[in-house]
There are 2 protein chains.
Amino acid sequence: MSIPVSEAMSKPQTIGVFDSGFGGLTVLRALIQRLPRAQFAFLGDTARLPYGSKSRRTIARYAAESAQFLVREQGAEFLVIACNTASALALDAIQDAVPVPVLGVIEPGASAARQVSMTGDVMVIATAATVESRAYTAACRAQGLRALEKACPLLVPLVEEGWTEHPVTAEVIDIYLAELVGEAAAQGMNPDTLVLGCTHYPLLRRLIEKAVPAGVKVIDSAEAAAEAAVRLLNGRLATVGDAADAESQPPAVRCFATDSVEKFERLGSSFLGRPVGRVELVDLGG
Amino acid sequence: MSIPVSEAMSKPQTIGVFDSGFGGLTVLRALIQRLPRAQFAFLGDTARLPYGSKSRRTIARYAAESAQFLVREQGAEFLVIACNTASALALDAIQDAVPVPVLGVIEPGASAARQVSMTGDVMVIATAATVESRAYTAACRAQGLRALEKACPLLVPLVEEGWTEHPVTAEVIDIYLAELVGEAAAQGMNPDTLVLGCTHYPLLRRLIEKAVPAGVKVIDSAEAAAEAAVRLLNGRLATVGDAADAESQPPAVRCFATDSVEKFERLGSSFLGRPVGRVELVDLGG
């Protein structure tokens with residue numbers, strides 16, 4: 001996949017970022033750090049979350065509608081699907097629905113794991129829906145890696161409660177990781193890499209890094225997706241301005257949600273690492 | 001509200017029980033204990049949960065459709081809305097949508113609190129959506145009680161993880177209740193009653209009773225709703241057979257869900273206190 005050179009390259013390009021909720025703001029944060037002069041439009045389809053409990057067909061329809069909003073109404077020329085469920089179940093449908101390049105979060109996560117793993121054995125933590133899709137296992141296998149996935153259903157609620165540094169959260173992470181490491185050993189695996197397969201988990205990175213066994217590297221799929229986006233854009237956007245220059249002015253970010261604007265505004269800033277500002281409400285229909 | 005005497009009274013009557021998910025199975029459990037010879041039809045609108053993040057209008061439409069399924073297709077002659085969000089936001093809409101008596105969970109919970117509270121000050125724990133609706137505060141005020149509500153967003157995920165006796169859950173409950181008791185004291189209240197305002201919380205009753213200050217009574221709104229249903233039915237169903245007789249045969253229960261039948265079957269038994277058996281999938285539309 002490469003980006004056609006067009007007139008759009010001469011002005012700041014709009015990158016669309018889509019999630020079913022607002023966890024994908026961690027991906028937007030990683031993108032802003034690398035492309036400080038780009039324009040961003042973020043859409044959280046909060047009225048219809050969670051995608052994880054819905055059928056593939058319904059998810060594909062919702063995700064395609066969301067992608068079309070970002071491309072048609074916000075002028076996005078490149079899309080990042082910052083949602084593991086939509087990446088796992090609807091990437092093809094989104095690519096069919098819009099005429100711009102589309103990048104998910106799963107393949108970049110697996111790709112980054114391949115770059116750091118020496119043993120070829122990888123652990124993945126994610127939501128139940130993502131684990132049930134087995135998308136990381138498939139993406140890792142395509143990279144020649146063996147993956148063991150574990151659902152960690154309490155981590156998203158703990159992040160949304162704001163307990164990102166709380167002793168209870170540290171205890172829950174210890175329990176989940178001990179189970180995962182024990183299961184890997186039982187299967188004769190020798191994992192040296194842990195992939196964070198959920199856009200909420202970067203907020204727990206410090207606690208997770210304290211809890212993993214010595215020598216296990218932590219891969220953040222939000223960071224990995226942002227790196228992949230930069231590579232796909234061939235560095236063209238980075239030349240529009242440099243980071244030092246950009247720090248003097250706020251990034252051009254517009255945030256949209258289909259419902260629950262208050263929760264988005266309240267929690268979003270900790271995900272984005274800066275104030276999300278006013279979140280605009282949009283109606284994509286039922 | 002009273003139930004018209006009809007021919008239906010001579011045969012086991014069908015009681016419809018509705019929830020957005022399967023937490024309402026705790027209400028069904030309490031109903032079965034009191035009305036072992038009745039027939040029950042339970043519907044969990046799992047495809048469209050969580051109701052809590054949706055608008056009042058959307059919740060009313062979903063709840064009305066669910067109620068109509070139970071009445072028209074399952075022959076329910078009495079409905080219990082075993083969902084705090086739907087009880088708070090859509091009870092009128094449901095009563096308009098079906099020609100049978102409809103009982104919610106909130107008013108019975110407030111009513112039971114009035115019967116046990118000596119001080120007139122009541123604490124309520126519930127989900128964020130229920131707390132934001134202020135429905136318990138209003139229902140308690142109508143009973144002459146002063147209520148202080150607290151959202152406990154981690155408790156539902158902890159129950160669904162199966163950690164109903166886990167030290168982490170005990171710690172989380174301690175933290176939430178300490179905050180609530182402190183807030184009550186700061187407001188000059190002297191609460192002697194705690195209402196469990198969420199259908200998941202009865203599974204945590206043992207841990208919650210250990211965590212409340214001495215002298216504080218715990219009211220389970222699932223039990224309270226079942227008691228109110230029995231009173232409304234005037235004891236007629238109870239005379240069809242007695243509990244000892246009924247124990248020799250399984251209760252007549254059919255469970256329906258609009259999605260996620262697997263999760264319902266896997267977790268539902270611990271809520272119902274017996275196997276839920278096969279859950280039938282129904283399509284109520286978008």
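Two strands count as paired if DSSP finds at least two bridges between them, and strands themselves (E, at least two residues), like helices (H or I, at least four), are DSSP runs numbered from the N terminus. Keep that in mind for the first view, where Q39(A) sits opposite A252(A) in strand 9 of chain A.

A quick note for every panel: this is a predicted model, where local features need pLDDT of at least 70, side-chain atom pairs count only at pLDDT 80 or more, and totals for chains, interfaces and linings use all residues. Residues are numbered from 1 along each chain as its sequence is written, while chains are lettered from A and ligands numbered from 1 in the order in which they are written.

**View 1. Strand 2 of chain A and its partners.** On one side, strand 2 pairs with strand 9 (residues 252-257) of chain A, parallel, over six bridges. Strand 1 (residues 14-19) of chain A also runs parallel to strand 2 and is joined to it by six bridges; here look for D19(A) opposite G44(A). To get from strand 1 to strand 2, the chain goes through helix 1 of chain A, and this β-α-β crossover is right-handed (with the strands pointing away from the viewer, the path from the first strand over the helix to the second runs clockwise).

**View 2. Strand 2 of chain A, covered on both faces.** Q39(A), A41(A) and L43(A) are buried on one side, and F40(A), F42(A) and G44(A) are buried on the other. Buried here takes 20 or more other C-beta atoms within 10 Å of the residue's own, with C-beta atoms placed from the backbone. Six of the six residues of strand 2 (residues 39-44) make the cut, so the strand is largely enclosed by the rest of the structure.

**View 3. Where the two domains of chain A touch.** The domain assignment (bounds come from an automatic or database assignment) splits chain A into domain 1 (7-104 + 225-281) and domain 2 (106-222). Their centres, taken over C-alpha atoms, are 23 Å apart. Contact means C-beta atoms, placed from the backbone, within 7 Å; by that rule 22 residues of domain 1 meet 19 residues of domain 2. On the domain 1 side, helix 1 (25-34), helix 3 (84-97), helix 10 (221-232) and helix 12 (261-272) each supply at least two residues, and helix 3 gives the largest share, five residues.

**View 4. Chains A and B together.** Chain B lands on chain A after a rotation of 180 degrees with 0.0 Å of shift along its axis (RMSD 0.0 Å), superposed by least squares on C-alpha atoms of residues with pLDDT of at least 70 in both. The two copies are thus related as by a two-fold rotation axis.

Terms used:
Contact = placed C-beta atoms within 7 Å. Buried ≥ 20, exposed ≤ 12 C-beta atoms within 10 Å, placed from the backbone.
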